[in-house]
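Here are some comments for a colleague who is about to go through this model, arranged as numbered points that can be followed alongside the coordinates.

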Amino acid sequence: MPAASSSSSSHHYRTRLRSRTAPLLLLVVLAVFVVTELLRSSSRGGFTASARRAVSSPAKANHSAAPRKILLDPAFTPRLPRQSPLSLSLSARNALPPRNTGRFPALPDGHLKIVLYVHNRPRYLRLVVDSLSRVEGIGEALLIVSHDGYFPEMDRIVQGIDFCQVKQIFAPYSPHLFPDTFPGVSPGDCQSKDNAKEKGCKGDPDQYGNHRSPRIVSLKHHWWWMMNTVWDGLEETVDFDGHILFIEEDHYIFPNAYRNVQLLVDLKPKKCPGCYAINLAPSDVKAKGEGWESLVAEKMGNIGYAFNRTVWRKIHAKAKQFCAFDEYNWDITMWATVYPSFGAPVYSLRGPRRSAAHFGKCGLHQGQGSSNVCVDNGSGAVELEEIDKVPNIKSDWPVRIIQRQEGYQAGFKGWGGWGDRRDRELCLSFAYMYHVKDTSPA
């Protein structure tokens, strides 16, 4: 009896234990299941997001072989001027994210990044901004506006852009930001054709005996700083390997420009695999195009040009040639020394009709007031036909190669303005400022 009673008691105990542990075990199982599903979901979500980035990112889609790390010349030590409070504040603005992302939250596959580089011609800028607002597809683009120095009215105009994502960057070492020290005018600098030994002044003359002019050298400094920053210094572009379109503040952009650039970028590897870039207009700034039913491969122009990171790496590798050439214009420097160093003609692919036009009649350092004197017809108007408002490039067109390269060629010695060793060293410093001395493989 006692044994039976003990057995019965043990049985009841085990029953009560099972009745208590069963819910706990169920809770544990459910908890494990929930955690597992969350992990799986997170993993799937992470993979999906990663896959989405890979598909939507032109950097991944283009599979560029362009290296990310650059081995610097160990004999050269980059030196950048000490920044002023204004310069530092502009550098901080350069790190801000693009505006208008609420209205344009996602950039689609195959979108363009457009760089508009400007100085201080507000009337010109208003015209180019107005033309951009009328471009079909502009809402798909990221517009980066690169300022040479800081000018409040230019800033206000760009702040008012609302038709696409827009990011502003300011050249923090622009001579216009340094009124009493290099790269502006330093005390004791030689002027004009001063003889340094006789006057005891500072500076190296160019090949024509002229000393540096900060407002003139800013042209080349800004373009080179901008290129290095856009390709290697911005979060928005550092992993982008696709084509970037570059335009200036006196370029009127046609309504079909965006779609035509997309077509040309797609056609270039098939129609002209040896072409380095695409262009929106002929290299002759006054030409409107031939009107042929064919694509055109010719000398690379400076109106609406676009190239990818692989081409940028070729250009960047020629930093010493670019920075040493005694010529204050960036484009003439490219035509006369950088492109010829590639060993073969540098062709750019374009359509038979222009999709951008140069509308200014004055140089960069004119036309900065409210007067209309430097703008054609006082308005910068460009005659547009209906064909200029829609994509007008056909994928089945052949390519005509214009082999004769007009204009500045290898052997041209330059117009000068770029003889001071300080400008050359600053230029080289821009080439290296986003890279480290690193011997690890790219």
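**Notes on the fold and backbone**

1. In this predicted model, the buried residues of H3 pack against E3 and helix H7 (214-232). The residues concerned are Ser87, Leu90 and Asn94, and because they cover an arc of only 60 degrees around the axis, they fall on the same side of H3.

2. Strand E1 deserves a careful look, since 6 of its 6 residues are buried. Lys113, Val115 and Tyr117 lie on one side of E1, with Ile114, Leu116 and Val118 on the other, and as all of these are buried, both faces of the strand are covered. As background, in a regular strand the side chains alternate between the two faces of the sheet.

3. Which strands are joined to E1 by bridges? One is E2 (residues 142-147), which runs parallel to E1 and is joined to it by 6 bridges; within this pairing, isoleucine 114 stands opposite leucine 143 in E2. The connection from E1 to E2 passes through helix H4 (residues 122-133), and the resulting β-α-β crossover is right-handed.

4. Strand E4 (residues 244-248) is likewise parallel to E1, and 5 bridges join the two. Here isoleucine 114 stands opposite leucine 245, so that residue is to be inspected with both pairings in view, given that it also stands opposite leucine 143 in E2.

5. Some backbone details should be checked by eye, because most residues other than glycine have a negative phi, and most peptide bonds are trans. Asparagine 100, although not a glycine, has a positive phi of about 70 degrees, and its place is in the loop between helix H3 (85-94) and strand E1 (113-118).

6. Where does serine 192 lie? Serine 192 belongs to the loop between E3 and H6, and this residue, again not a glycine, has a positive phi of about 45 degrees.

7. The peptide bond from phenylalanine 182 to proline 183 is cis, its omega being near 10 degrees. Proline 183 is found in the loop between strand E3 (165-170) and helix H6 (196-199), the loop that also holds serine 192, and I would therefore ask that the cis bond and the positive phi be examined together, as most residues other than glycine have a negative phi and most peptide bonds are trans.

Conventions
Residues numbered from 1 in each chain as written. Predicted model: local features only at pLDDT ≥ 70, side-chain atom pairs only at ≥ 80, totals over all residues. Heavy atoms only, no water. Helix = DSSP H or I, 4+ residues; strand = E, 2+ residues; numbered from the N terminus. Buried < 20%, exposed > 50% of the residue type's maximum accessible area, 1.4 Å probe, protein only. Arc of directions from axis to C-beta. Contact = heavy atoms within 4.5 Å. Pairing = 2+ DSSP bridges. Right-handed = clockwise from strand over helix to strand, strands pointing away.
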